[in-house]
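Please take a look at the protein shown here. What can be read from its fold?

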Amino acid sequence: MASPKSDNHQKTNNGDAPKFPTITRAELAGNYFNKHVAFVIKTTSGQEIKRRYTDFEWLRGLLRTLYPGAFIPPIPPKLPVAMWPQGYLLMRKRELQQFLQRLEVIPYLKRDEITVFFLSKHHSSFDKVRKQWEKDHPKPSDKWLHENLVKTFPKIHETETPSDMNKRCSESTQLIESSVRQLETMVKSCESFIERSNECCSVLTEFRNAFDDLVRTEYAGAAEVVPGRYFGGEKRVDISPHIEQWRTYKSEELSQVKLYYLPALHRALNDLRVIREILHQRDQIQSEYNAAKQAAEVWNDPHQLKQVRSSDLARKHREIQKEEDLRRLKAFVEKLVLGQLNVVFCANQRRWKKSCHLFAEKHVASLEKAIGSWKALTNKILHSQGNTEAMHKAVTVESIAIDEEKEEKNANANVDVNDVDVEEEVDVKLKKSQLQDVNIEQIVNVDDVDVVAEDEIERKERDAASKAKMNEMFKDEDETENAPNEFPWDE
């Protein structure tokens, strides 16, 4: 049936229409007793429409009904406004935006009549046109659902049903339930880590302020006795910059977790919850089929001597046809669920590796800055104590560690030592020996402990080696692509 009139396809002169339907902002609407949030969506035609969370819920529910067993992108769970934690509205807006984008990149969902209707601008409130749509579109039959799925997923229809389908269905349910529980635990741990990191940043800020107050108090008290001297006659080592560097590291770590790690966890968890939904749909269709099969067996039993009355003929044909329609639908949904489970699992695995790679790369860079700061502080303290021997040992140990790391890297890269020019090898050893023999007074500056050029070169080499190891660690062994028209998931 045709949908109510809409002006979604009217051409606009707006040149800044987005590529995907985009949620531009969230507005508070309703009266004092019934407040709700309306999300303003800018469509690809450049028009603006407003939709509530319940409208998104309605759309997704209809798509689930029209495509049983198919992956319908998730939306955030329903939660009363009074229970929203801090920052929840932004997270809900982002997740609803992902829902719209994924609808746009999955062709059969983008083309569906209900999706076009949802993204249309109507002359009356969307709540009213929603109710009219439901009146004009009754619930589809099992036969229509099967035909619609066959038309949408032709390759699945051509695939033979595995002989061990019941075993696979049972194993897939166990796998998803276990994976969802593990991801829920990981999300809770990550959120707890974020909370503790926020507390750590606050404590470090308080500690630095307290230390600065202590230094100012000591300096003021000492100036009354001997100008320019502290209590005890010795100048206190200033650790404020290093505390601030550690706080910066924790703050960057927190931002990186929120940007790369937690969203990937949430997305994987939401996707697997969708898979759990379609597994329940599959089980429900199987139960309906078993009930229909029992009802149809009464009419198909050759030993049944019961005479079918004319008034029962319509019922007989209806129940036999229902059993046949559900049998076809059940067989198709079972294959569809297994295929989409595999695609979603692989897509989330690749996305997870990519997020972990980005997180590790940023995290290691921040950590190296913090470590360098603490090493500089160590040198400051040793120098203030006049312990140049310990400083020389520290530099020597670090040089040896760098040499060992280089040797390991060369071994892993299968470098043939015999091909190295003898003169270059001698020259490299000579330079290393000269670096270790440099006077400690030239390496560490008395005032600001500057890093010398040689240390900077070594640090860059370690960064490059670390990055190479991470690239190797997170490289996919098999990056085969899925068929473009069968499961077009966005990456």
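The report below goes from the overall picture to single residues.

## Overall picture

This is a predicted model. The average pLDDT of the protein is 77, and 68% of the residues score at least 70. Over residues 414-426 the pLDDT is below 50. Beyond near neighbours in sequence, that stretch has 2 contacts in the model. Residues 469-491 also stay under a pLDDT of 50. For them the model has 42 contacts beyond four places in sequence.

The protein has 14 helices and 3 strands. It counts 491 residues, and buried ones make up 36% of them. Consider the contacts between residues at least 6 apart in sequence: 77% of these join residues at least 24 apart.

## The three strands

Strand β1 covers residues 22-30 and pairs with β2. The pairing is antiparallel and runs over 8 bridges. Within it, Leu28 stands opposite Val37 of β2. Strand β3 covers residues 48-52 and is joined to β2 by 5 bridges, again in the antiparallel sense. Here Phe39 stands opposite Arg51 in β3. β2 and β3 form a hairpin, with 5 residues between them. Gly46 sits in the turn and has a positive phi of about 95 degrees.

Is β2 enclosed or open? Of its 8 residues (35-42), 7 are buried, so the strand is largely enclosed by the rest of the structure.

## Aromatic rings and charges

The model holds 14 aromatic pairs. One of them joins Trp246 and Trp374. Their ring centres are 6.2 Å apart and their planes meet at 65 degrees; the angle is over 60, so the pair is edge-to-face. Trp246 belongs to helix α9 (residues 240-300) and Trp374 to helix α10, so the pair ties together parts 128 residues apart in sequence. Trp246 is partly exposed, at 29% relative accessible area. Trp374 is partly exposed as well, at 34%.

Tyr261 and Trp352 form a tilted pair, with 5.2 Å from centre to centre and 55 degrees between the planes. Tyr261 lies in α9 and Trp352 in α10, so this pair links parts that are 91 residues apart in sequence. Tyr261 has a relative accessible area of 24%, which makes it partly exposed. Trp352, at 25%, is also partly exposed.

Elsewhere, one aromatic cluster is made up of Phe39, Phe56, Trp58, Phe99, Phe117, Phe118, Phe126 and Trp133. Phe39 was met above, opposite Arg51. Arg51 in turn lies over the face of Phe118, 5.5 Å from the ring centre. A further charge sits over a ring at Tyr53: the charged end of Arg92 is 4.2 Å from the ring's centre.

## Nonpolar cores

In soluble globular proteins, nonpolar side chains tend to be buried together. How many residues does the largest nonpolar core have here? It has 64, and Phe56 and Tyr67 have the most contacts inside it. Helix α9 gives the most to this core, with 15 residues. Apart from it lies another core, of 5 residues, which include Leu204, Phe211, Ile239 and Leu377.

Phe56 is also a member of the aromatic cluster. Tyr67 reaches several residues beyond its neighbours within four places in sequence. Its contacts are Ile72, Tyr108, Leu109, Asp112, Asn148, Leu149 and Thr152.

## Two buried helix residues

Ile285 is placed in helix α9. Its relative accessibility is 8%; the limit for buried is under 20%, so Ile285 counts as buried. Leaving aside neighbours within four places, Ile285 is in contact with Pro68, Leu329, Lys330 and Val333. Ile285 and Arg327 are 42 residues apart in sequence, while their C-alpha atoms are 9.0 Å apart in space.

Ser373 is found in helix α10, which covers residues 310-384. Is Ser373 buried or exposed? Its relative accessible area is 11%, so Ser373 is buried. Outside its neighbours within four places in sequence, Ser373 is in contact with His242 and Gln245.

Conventions. Residues numbered from 1 in each chain as written. Predicted model: local features only at pLDDT ≥ 70, side-chain atom pairs only at ≥ 80, totals over all residues. Heavy atoms only, no water. pLDDT = per-residue confidence, 0-100. Contact = heavy atoms within 4.5 Å. Helix = DSSP H or I, 4+ residues; strand = E, 2+ residues; numbered from the N terminus. Buried < 20%, exposed > 50% of the residue type's maximum accessible area, 1.4 Å probe, protein only. Pairing = 2+ DSSP bridges. Phe/Tyr/Trp six-rings, centres within 6.5 Å; stacked < 30°, edge-to-face > 60°. Lys NZ or Arg CZ within 6 Å of the ring centre and 35° of its normal. Core = buried A, V, L, I, M, F, W, Y, C linked by side-chain atoms within 4.5 Å.
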